[in-house]
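Reader: I would like a close look at a single part of this model, the largest nonpolar core. Please describe which residues form its centre and how the surrounding elements meet.

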Amino acid sequence: MHGGLTEGYAWRQGSPANALHLGRSIELLMELAWLLYEKLGNTKGASKLPKHLRLPAELLPMPLSAAEYGQPAIFLSWFFEYAPLHQWKQWLNCFMDNAIGSGSVAEELPGPELLQFNGLLKKLVYAVERVRSVAASQ
């Protein structure tokens with residue numbers, strides 16, 4: 001999600017519809033993570049992760065700490081303590097609008113959130129996948 005950091009059209013991976021689809025998929029992932037966070041400890045619903053959101057773990061670098069990997073609920077808790085779901089969605093919309101538009105997200109988001117957004121989303125993907133894999137193995 002580095003598109004939208006500079007002025008001018010930033011999306012370079014096909015049509016802008018691809019960016020919108022990616023944004024909707026990330027929003028669904030955030031909502032699923034929120035539901036998992038609400039249940040903290042009941043990971044049975046994680047195995048119902050929509051197929052289009054499942055990513056092979058070997059394709060991603062391991063961004064989780066050992067503690068977060070062992071107990072992904074630790075990261076989910078921190079993620080939603082950092083910002084509530086509605087704030088994450090606002091930041092995502094800001095990135096998406098600027099990725100397919102001609103603005104710059106750097107003009108709209110405070111520095112800390114701008115720097116944290118991409119890294120925390122990568123960790124979120126891994127944490128949700130880890131919850132799913134733990135639930136599937138039980």
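Author: The model is predicted. Its largest nonpolar core has 32 residues, and the members that touch the most others are Met30, Leu76, Phe79, Trp88, Phe117, Leu124 and Val128. Two or more residues of this core come from each of helix 1 (16-39), helix 3 (72-82), helix 4 (85-100) and helix 5 (111-137). Helix 5 is the main contributor, giving 9 residues.

Leu76 can be followed outward. Apart from neighbours within four places in sequence, Leu76 is in contact with Ala33, Leu36, Tyr37, Leu124, Ala127, Val128 and Val131. Two of these partners, Leu124 and Val128, are themselves among the core members that touch the most others.

Met30 and Trp88 lead to another part of the packing, the meeting of helix 1 with helix 4. The axes of these two helices come within 10 Å and cross at roughly 170 degrees. An angle over 145 degrees counts as roughly antiparallel, so helix 1 is roughly antiparallel to helix 4. On the helix 1 side the contact is made by Pro16, Ala19, Leu20, Gly23, Ile26, Glu27, Met30, Glu31 and Trp34, and on the helix 4 side by Leu85, Trp88, Lys89, Leu92, Met96 and Ile100. By class, this contact has 11 nonpolar, 1 polar and 3 charged residues.

As for the chain around the core, there are 5 helices and 0 strands. Buried residues make up 39% of its 138 residues. Among contacts with a separation of 6 or more, 80% join residues 24 or more positions apart. The accessible surface comes to about 7,800 Å², with 57% belonging to carbon and sulfur atoms.

Methods:
Residues are numbered from 1 along each chain as its sequence is written. This is a predicted model: local features need pLDDT of at least 70, side-chain atom pairs count only at pLDDT 80 or more; totals for chains, interfaces and linings use all residues. Side-chain values use heavy atoms; hydrogens and water are left out. Helices (H or I, at least four residues) and strands (E, at least two) are DSSP runs, numbered from the N terminus. Buried means under 20% relative accessible area, exposed over 50%, partly exposed in between (1.4 Å probe, protein chains only). Contact means heavy atoms within 4.5 Å. Accessible areas come from the Shrake-Rupley method with a 1.4 Å probe; for residues, only the protein chains shown count as cover. A nonpolar core is a set of buried Ala, Val, Leu, Ile, Met, Phe, Trp, Tyr and Cys residues joined through side-chain atoms within 4.5 Å. Axes are lines fitted to C-alpha atoms, for helices over the stretch in contact, and angles run from 0 to 180 degrees between N-to-C directions. Angles under 35 degrees count as roughly parallel, over 145 as roughly antiparallel, 65 to 115 as roughly perpendicular and the rest as oblique. Ala, Val, Leu, Ile, Met, Phe, Trp, Tyr, Cys and Pro count as nonpolar, Asp, Glu, Lys and Arg as charged, and the others, Gly among them, as polar.
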